[in-house]
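Student: Before we begin, could you show me the structure, so that I can ask how each description of it is justified?
Tutor: Here it is, and we can then take the descriptions in turn.

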Amino acid sequence: MTVKDAVQRDFSHDYEPVSVLTFHGRLQQLDYRGYRLLLDLEGRIKWIEPLRAGLWPGPSSALRRTMGNRWLLYDSGAYQDVFELTGRYYFPIPFGQEGAAFGTADSGKLRKVLALVDEAAVRFGFPDSAELGFQAAKLRSILKATVPVLPPDAICIDYDILPLMLTRGCVHNCRFCAVKTSAEIETVGQEEFRAQVDGLTKWTGRDLNNYQGLFIGQNDALAAGQRCLMQAAEHACGSLPCDRLFLFGSVASFMERAGLDQPPSSALEALARLPFKEVVVNIGLESFHQGALDYLGKPVKAADVRQAFRQGLELAAKHDRLKISFNFVLSKALSRDHMDLISQELAGAPKGSGCRVYLSPLLSESWRPGQLKRMLFRLKGLSRLPVFAYFLVPYL
Ligand code: SF4
């Protein structure tokens with residue numbers, strides 16, 4: 001949809017982090033009452049940036065709308081050491097998440113800005129917030145699922161991700177988890193997966209080429225097994241323009257404890273041979289300490305977690321295009337042993353595997369930025385792998 005009076009602009013296609021807030025891809029630009037509105041090629045609002053001093057959310061910050069009609073505040077000025085914490089020059093702060101690690105962004109101010117955008121939508125003829133809500137619901141019905149969170153590495157391409165579902169539910173259903181659906185794991189048939197690709201392509205429309213990343217979800221795509229995962233990934237790779245694939249794997253699927261048709265290592269090696277620039281797999285390990293795993297209600301053995309970590313490092317070191325990242329939990333309730341064991345493993349990890357580590361504070365606890373920073377920087381000082389904070393970004 002070409003929006004009246006909008007100017008088409010080509011922004012960078014390069015996602016290397018730069019020290020100012022940057023936009024990506026081909027977008028339509030309108031300036032309205034002190035704000036720059038950037039719309040995708042179907043006229044859906046994607047970015048809102050203040051052009052004048054004194055307007056919220058302030059200089060070097062912008063509001064970003066996800067495909068699922070969720071708003072994020074990209075805040076690049078609020079805290080020091082942003083790059084060290086996130087690997088980017090901004091924090092993505094979701095709206096409406098009570099108890100988020102860095103507090104909740106101001107929903108009242110967002111509502112005022114969105115009212116202004118709705119005014120512009122009527123004047124220039126692009127979808128307003130009601131229509132965008134309707135479109136997001138349509139997308140959820142195409143996938144028959146939500147994307148409550150994206151893998152942490154998706155920040156490297158600024159969450160420009162097309163989502164597809166190969167499995168729904170989760171193998172582990174950990175007690176502490178805020179994103180699980182509590183459903184038994186279910187694998188989607190190839191026919192349904194292909195229908196999702198068609199539905200998603202139609203839904204995305206002319207904006208399709210603005211997406212470099214593909215996420216095959218939901219919380220454990222590895223649980224689908226090699227044959228099914230390969231068929232799905234090959235089909236998606238041939239049908240969509242994305243050159244990076246992201247997925248989550250559970251410890252059980254990664255460690256052959258989920259009754260898979262082939263060892264997960266061979267599934268990942270096969271994926272790495274597909275013509276993606278990168279295949280990025282994120283495994284939620286949470287802790288090497290059995291007491292911590294029990295406290296979190298994660299039904300895995302500490303020995304399996306350690307083995308998954310070491311096996312992941314080995315696999316990634318063998319394949320340039322395969323990147324593996326690992327999540328660990330930060331909690332004030334866990335004993336010192338939890339952090340000591342993480343420090344030991346990270347200090348002994350080989351360099352240059354391309355693996356990354358993410359630390360995620362429990363959503364039920366509130367962390368001051370300084371506390372989190374101290375914890376993370378201590379670990380960074382010891383670790384031979386890059387370590388970042390992981391903020392849960394709800395997407396769809
Ligand atoms: S394995 Fe991950 S997604 Fe599944 S319940 Fe546990 S923490 Fe949540």
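**Around the ligand**

Tutor: In this predicted model, the residues around the ligand are Cys170, His172, Asn173, Cys174, Cys177, Val179, Lys180, Asn219, Ser250, Gly284 and Lys298.

Student: What makes a residue one of those around the ligand?

Tutor: Its C-beta atom, placed from the backbone, has to lie within 6 Å of the molecule, and Cys170 and Lys298 are among the residues listed on that basis. By class, this shell holds four nonpolar, five polar and two charged residues.

**A buried cysteine**

Student: Why is cysteine 355 called buried?

Tutor: The cut-off is 20 or more other C-beta atoms within 10 Å, and cysteine 355 has 22 such neighbours, so it counts as buried. Cysteine 355 sits in the loop between α10 (336-348) and β15 (356-361).

Student: Which residues does cysteine 355 contact, once its neighbours within four places in sequence are left aside?

Tutor: They are Gly312, Leu313, Ala316, Ile324, Ser325, Phe326 and Leu385. As for phenylalanine 326, its C-alpha lies 7.9 Å from that of cysteine 355, although the two are 29 residues apart in sequence.

**Strands and their partners**

Student: What makes strand β12 largely enclosed by the rest of the structure?

Tutor: Six of the six residues of β12 (residues 244-249) are buried, so the strand is largely enclosed. Its two faces are both covered, with Arg244, Phe246 and Phe248 buried on one side and Leu245, Leu247 and Gly249 buried on the other.

Student: How do you know that strand β11 pairs with β12?

Tutor: Pairing requires at least two bridges between the strands, and four bridges join β11 (residues 213-217) to β12, the two running parallel. Within this pair, isoleucine 216 stands opposite leucine 247 of β12.

Student: What about β5 and β6, and how many bridges join them?

Tutor: Five bridges join β5 (residues 61-65) to β6 (residues 71-75), and these strands run antiparallel; leucine 63, for instance, has leucine 73 in β6 as its bridge partner.

**An open sheet**

Student: Why are β1 and β7 said to stand at the edges of their sheet?

Tutor: Seven strands form an open sheet in the order β1-β2-β3-β4-β5-β6-β7, with antiparallel pairing. At its edges, β1 (7-10) and β7 (91-94) each have a single partner strand, so one side of each is left without a neighbour in the sheet. On average, neighbouring strands of this sheet are turned by 30° against each other, direction ignored.

Key:
Residues numbered from 1 in each chain as written. Predicted model: local features only at pLDDT ≥ 70, side-chain atom pairs only at ≥ 80, totals over all residues. Nonpolar A, V, L, I, M, F, W, Y, C, P; charged D, E, K, R; others polar. Axes fitted to C-alpha atoms, helices over the stretch in contact; angles between N-to-C directions. Buried ≥ 20, exposed ≤ 12 C-beta atoms within 10 Å, placed from the backbone. Contact = placed C-beta atoms within 7 Å.
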